[in-house]
Amino acid sequence: MQSSQQYIQENKDRFLNELLEILRIPSISADPACAGDVRKAAEWVAQNLKVSGAENVRLEETAGHPIVYGEKLVDPNAPTVLVYGHYDVQPADPLHLWDSPPFEPVVKDGAIYGRGTCDDKGQFFMHVKAFEAMLKAGELKCNVKFMIEGEEEIGSDHLGVFVKANKDLLSADVILISDTSIIANDIPSIDVGLRGLSYLEVKVQGPNKDLHSGVYGGAVANPVNILCQMIASLQDEFNRITIPGFYEDVEELSATDRAAMAQTPFDLENYQKELGISAVHGEAGYSTLERASIRPTLDVNGIWGGYIGEGAKTVLPSVANAKISMRLVPNQSSEKITELFTKHFLSIAPKGVQVTVTPHHGGEAYVMPTDSIAYQAAAEAMEKTFGSTPVPTRGGGSIPIVALFEKELGIKSVLMGFGLDSDDIHSPNEHYGLFNFYKGIETIPYFFDNYYRLNQ
Ligand code: BES
Ligand code: MN
Ligand code: MN
């Protein structure tokens, strides 16, 4: 019988063509107009899982988008791996900045271009194909459960409900996720941390209508000016967040851990060059890598109000709005931070305007110990296919459900991602290297082998 690795080599082109099919479905979870396509994507995933050999495949309905479930239970005494991923994607706008349409994927210069190529369709699909290969080769020794959701990009609220209600169904020894990045194609790494998140929207209401900025300007509070002042005051001259109590629960890294982190390969000059910036910026006393992973942050994601059309219009706007996110680190509670923000933001509102704060989603940070069997299985698998031991890294992004998996199911997650930070996820021209797609498919069977062996 053929080995899984041989099977992968022989079916490479088909795997890619199948991926292109799901990439053509605009499963934007945030856009109500796409709800039908989100469902179509779920049905596609279910169908592909079935054909690949999974059993009990079904759509689990939620109050939002469906969750795709499937499994292959080979031996009640063998360890069970729960594969999690998401088939939903971020909105594609601004559309005019794409070189080719976001939902008409193309292969160009060794990469697949399109929304969701890396985040996360290209990555979760590697697991479906690796599973198919292991099954066809008769190599699958662990039980596998798949749970591919459709609301990761909007906070996974309904998945949280589903997890709490289906603990038996989801029982497993480890959760395996490919939804993060490696440092470079020749420097493999494994994220051992994710940041938490608190996301909210603020509104500053001034006069009951837009006013002539000459007739009223100077005498009536301008909500846009006020909002900018309020937001600017949230960080001090050291770029530390000024919300009282914000840093109270922050877990500080030990000197040893910081020294280890300083060894992580990082090229500041190249980083600046790739982003087109002449200097980095952030909390005083921390390196760029630390600022973007183990330190909490506050960022405006969007801000609007007043006249933004062609030319000039003299107006004193009646309302200003902003969407603000705070990335959180281990031991901070997103609920508490949302409360602290709200209390503080309302307290700094000057007279003459009305401020409201509306929380969106949130989630907690996560850390994976490197001395676990699961980490070891992933590290050895990557070492096998990349030829060098992966570097443990702390990721700056968030996958809020991961902390919830641990809390509700008591299961740790291994973040064996294969993307690159330069893949432009959430941006125009998102792409995923063919190297990365195939390397992922080839590495996953080794994870399963290692995980089975290390559990004996
Ligand atoms: N896959 C990303 C998270 C990620 C990317 C982690 C790169 C580490 C490295 C995920 O799809 C994502 O975008 N998460 C959101 C959170 C969600 C609540 C909208 C994020 O981090 O902004
Ligand atoms: Mn993702
Ligand atoms: Mn994402």
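The following questions and answers concern a manganese site and some salt bridges in a predicted model.

Biologist: Which residues coordinate the manganese ion (ligand 3)?

Modeller: The contacts to this ion lie at 2.0 to 2.5 Å. Along the chain the donors follow the spacing D-x33-E-x272-H. The coordinating residues are Asp119 (OD), Glu153 (OE), Glu153 (OE) and His426 (NE2).

Biologist: Is the site of the manganese ion (ligand 3) octahedral or irregular?

Modeller: Ideal angles for six octahedral donors are 90 or 180 degrees. To count as octahedral, six donors need opposite members over 155 degrees apart and all other angles between 65 and 115. The angles among the six donor atoms here run from 56 to 155°. The site is therefore classed as irregular.

Biologist: How far apart are the two manganese ions that aspartate 119 bridges?

Modeller: Aspartate 119 bridges ligand 3 and ligand 2, both manganese ions. Aspartate 119 sits in the loop between strand S5 (111–113) and helix H3 (121–136), while histidine 426 is in the loop between strand S17 (419–420) and strand S18 (431–433), 307 residues apart. The distance between the two bridged ions is 3.6 Å.

Biologist: Is aspartate 119 buried or exposed?

Modeller: Buried means under 20% relative accessible area. Histidine 426, at 40%, is partly exposed. Aspartate 119 has a relative accessible area of 6%, so it counts as buried.

Biologist: Which residue does arginine 14 meet in a salt bridge at 2.7 Å?

Modeller: Both partners lie in helix H1 (residues 4–23), four residues apart, about one turn of the helix. Arginine 14 is partly exposed at 31% relative accessibility, whereas its partner is buried at 12%. That partner is glutamate 18.

Biologist: What separates lysine 40 and aspartate 37 along helix H2?

Modeller: These two form a salt bridge, with the closest N and O atoms 3.5 Å apart. Lysine 40 is partly exposed, at 48% relative accessibility. Because the two are three residues apart in helix H2 (residues 35–52), the separation is about one helical turn.

Biologist: How many residues apart are arginine 240 and glutamate 283?

Modeller: Their side chains meet in a salt bridge of 2.9 Å, N to O. The pair links distant parts of the chain: arginine 240 is in the loop between helix H5 (223–232) and helix H6 (255–262), and glutamate 283 in the loop between helix H7 (268–275) and helix H8 (288–291). Arginine 240 is partly exposed at 30%, and glutamate 283 is buried at 5%. They are 43 residues apart.

How values were computed:
Residues are numbered from 1 along each chain as its sequence is written. Chains are lettered from A and ligands numbered from 1 in the order in which they are written. This is a predicted model: local features need pLDDT of at least 70, side-chain atom pairs count only at pLDDT 80 or more; totals for chains, interfaces and linings use all residues. Side-chain values use heavy atoms; hydrogens and water are left out. Donors are N, O and S atoms within 2.8 Å of the metal (3.2 Å for Na, K and Ca); water is not among the atoms, so sites may look incomplete. Four donors count as tetrahedral if all angles lie between 85 and 135 degrees; four count as square planar and six as octahedral if opposite donors are over 155 degrees apart and all others between 65 and 115; anything else is irregular. Buried means under 20% relative accessible area, exposed over 50%, partly exposed in between (1.4 Å probe, protein chains only). A salt bridge is a side-chain nitrogen of Lys or Arg within 4 Å of a carboxyl oxygen of Asp or Glu.
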